[in-house]
Amino acid sequence: MSNTKIDVSEVDALVRIRLFEALTVANIRYKTLVERLHDIVFRYDDEWCIIFLNQAWETILGYASTESINKHFMDFVDPEDKPSMVDYIDANDTTYKELRLSHSDGRAIWFELSIEPDDEGNGGVGLLHNIDHHKNIESALRITRDLAIEAMEEKSNFVANMSHEICTPLNGISGGLQLLQTTDMTEEQREYVEIGLKSSKQLQNIANNILEHSKAEAGQLTLEAHELALASMVENALLIATPAQHNLQVISSISDDIPQIIIGDPTKINHVLLNLLSNAFKFTEEGSITLKIGMDADAHQINIIVKDTGIGIPADRQETIFDSFTQVDASITRKYGGAGLGLAITKRLVKLMGGQIFLASKEGLGSQFTVKIPLAQKASQA
Ligand code: ADP
């Protein structure tokens with residue numbers, strides 16, 4: 001057995017060489033990785049001067065690394081974003097920041113910046129992710145959306161104006177026909193006037209719904225507060241909605257505890273009453289229509305119940321009929337007409353008044369709409 005003496009200093013030198021080789025390989029790997037990244041990686045000193053850059057800097061921004069090293073990072077920030085970048089640096093913020101850098105040809109390019117400051121406060125490493133493409137899409141979408149909103153508002157204003165223009169002569173037609181009704185006429189003439197009056201009422205209702213719908217679309221639905229006598233309003237709405245000829249029993253009641261004068265928006269309440277009553281009459285051929293106005297148990301809201309014994313609404317359609325332009329099915333449009341706007345507007349108006357609307361219905365048996373509106377009572381005089 002040989003007795004070889006190991007030279008410790010020789011082993012030590014060998015280990016050092018191996019370690020150095022391993023380190024060099026790791027360093028090259030790391031450098032290649034950083035160089036090949038599509039994102040910009042940079043190192044900055046305690047003054048925010050650039051001391052290292054990867055290839056992406058030149059590829060994306062068009063400046064050679066040599067002309068950028070030792071320059072202040074702020075020299076490359078787009079003038080519009082300089083103030084916010086100063087705040088960002090001053091605040092030692094390390095959250096993501098969106099900012100524009102100036103390309104060598106003058107274009108501004110959007111980036112998402114994230115930084116990792118050194119523990120000793122001697123600068124840090126920054127990563128710039130190019131988000132220019134997303135930002136351009138985002139701004140194009142924003143412009144398109146704004147244009148669409150503008151066009152929609154213009155259209156809604158036009159429709160609102162047109163509906164108003166249609167309503168005015170229609171009121172004249174209805175009024176004239178009503179006056180004609182009070183004159184001496186043959187049975188045949190009376191029948192023709194009835195037909196004219198019924199059609200003009202229907203048209204008035206549709207025009208009113210379109211008017212309110214376009215006002216709502218244009219964000220112009222506002223609530224007014226006036227003193228109003230609910231009982232006479234209800235009576236009047238019933239009078240308008242009831243067709244001259246029908247085979248229905250009409251039951252109407254208003255409970256004694258309803259204050260004589262309440263504060264509310266008469267046009268909106270009237271519109272709700274007319275829509276629900278017109279539907280009840282429209283979809284009921286025999287039986288009864290009941291209109292019941294009462295106070296809620298806690299006396300803070302008024303309940304308006306409109307009940308009919310008509311065709312009813314299938315369970316699976318009871319939610320969607322409150323959507324605009326929705327009817328139960330195409331056969332309804334053919335048989336009864338209508339635009340599918342009444343209930344959507346009614347729900348909107350009720351909501352605007354701070355209330356709620358509920359529907360209970362059974363196909364073939366009838367429907368009941370319940371509207372609950374918070375009560376604003378006339379302040380008692382001292
Ligand atoms: P329309 O002007 O078409 O009547 P509405 O929004 O007022 O529009 O009503 C939507 C649909 O809901 C109607 O087409 C009808 O199918 C159904 N509906 C509304 N009220 C009643 C009712 N009282 N009885 C049966 N169906 C009704």
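Which strand holds F52? F52 is found in strand 2. That residue is a good place to enter this structure, which is a predicted model.

**Two domains**

The protein is divided into domain 1, residues 26-130, and domain 2, residues 224-382. Their centres, taken over C-alpha atoms, are separated by 65 Å.

**Around F52 and W48**

F52 has a relative accessible area of 28%, so it is partly exposed. Not counting residues up to four places away in sequence, F52 touches V34, E35, V41, F42, R43 and I69. L221 is a distant partner for comparison: F52 and L221 are 169 residues apart in sequence, and their C-alpha atoms are 60 Å apart in space.

W48 sits in the loop between strand 1 (40-45) and strand 2 (50-53). Its relative accessibility is 8%. Buried means under 20%, so W48 counts as buried. W48 is also not a glycine, yet its phi is positive, at about 70 degrees. Most residues other than glycine have a negative phi.

N70 shows a positive phi too, near 75 degrees, and is likewise a residue other than glycine. N70 is found in the loop between helix 3 (65-68) and helix 4 (82-90). Is N70 buried or exposed? At 60% relative accessibility, N70 counts as exposed.

**D93 and K201**

D93 lies in the loop between helix 4 and strand 3 (97-102). D93 is partly exposed, with a relative accessible area of 28%. Leaving aside its neighbours within four places in sequence, D93 is in contact with Y88 and I115.

K201 is found in helix 6, residues 187-217. K201 has a relative accessible area of 25% and is partly exposed. Which residues does K201 contact, leaving aside its neighbours within four places in sequence? The answer is L239, I240 and T242.

Three pairs can be set side by side, with C-alpha to C-alpha distances.

| Pair | Apart in sequence | Apart in space |
|---|---|---|
| F52 and L221 | 169 residues | 60 Å |
| D93 and N236 | 143 residues | 67 Å |
| K201 and I240 | 39 residues | 8.0 Å |

**The nonpolar cores**

In soluble globular proteins, nonpolar side chains tend to be buried together. Here the largest nonpolar core has 41 residues. Five of its members touch the most other members: L230, L291, I302, I304 and F369. Several elements give two or more residues to this core. The helices are helix 7 (230-241), helix 8 (266-282) and helix 10 (342-352). The strands are strand 9 (287-295), strand 10, strand 11 (356-362) and strand 12. Which element gives the largest share of this core? Helix 8 does, with 8 residues.

Another core lies apart from this one. That other core has 25 residues, among them F42, W48, L53 and F76. Two of these names are familiar: F42 is one of the residues that F52 touches, and W48 is the buried residue with the positive phi.

I302 is worth a closer look. Leaving aside its neighbours within four places in sequence, I302 is in contact with L230, I258, I262, I293, G294, M295, V371, K372, I373 and L375. One of those contacts, L230, is listed with I302 among the core members that touch the most others.

**The second largest pocket**

How much space lies in the second largest pocket? About 180 Å³. The pocket is lined by 16 residues. Nearest its centre lie I263, G264, I269, I373 and P374. I373 also appears among the contacts of I302.

By class, the lining has 13 nonpolar, 1 polar and 2 charged residues. Three strands each supply at least two residues of the lining: strand 8 (262-264), strand 10 (301-308) and strand 12 (366-374). Strand 8 gives the most, with 3 residues. Strand 10 and strand 12 thus serve twice, because each supplies at least two residues to the pocket lining and each also gives two or more to the largest nonpolar core.

Conventions:
Residues are numbered from 1 along each chain as its sequence is written. This is a predicted model: local features need pLDDT of at least 70, side-chain atom pairs count only at pLDDT 80 or more; totals for chains, interfaces and linings use all residues. Side-chain values use heavy atoms; hydrogens and water are left out. On a 1 Å grid over the protein atoms alone, a cavity is a set of points where a 1.4 Å probe fits but cannot get out, and a pocket is an open set with protein on both sides within 12 Å along at least five of seven lines; lining residues have an atom within 4 Å of a point. Grid points are joined across faces, edges and corners, and a volume is the space filled by probe spheres set on the points. Helices (H or I, at least four residues) and strands (E, at least two) are DSSP runs, numbered from the N terminus. Ala, Val, Leu, Ile, Met, Phe, Trp, Tyr, Cys and Pro count as nonpolar, Asp, Glu, Lys and Arg as charged, and the others, Gly among them, as polar. A nonpolar core is a set of buried Ala, Val, Leu, Ile, Met, Phe, Trp, Tyr and Cys residues joined through side-chain atoms within 4.5 Å. Buried means under 20% relative accessible area, exposed over 50%, partly exposed in between (1.4 Å probe, protein chains only). Contact means heavy atoms within 4.5 Å. Domain bounds come from an automatic or database domain assignment.
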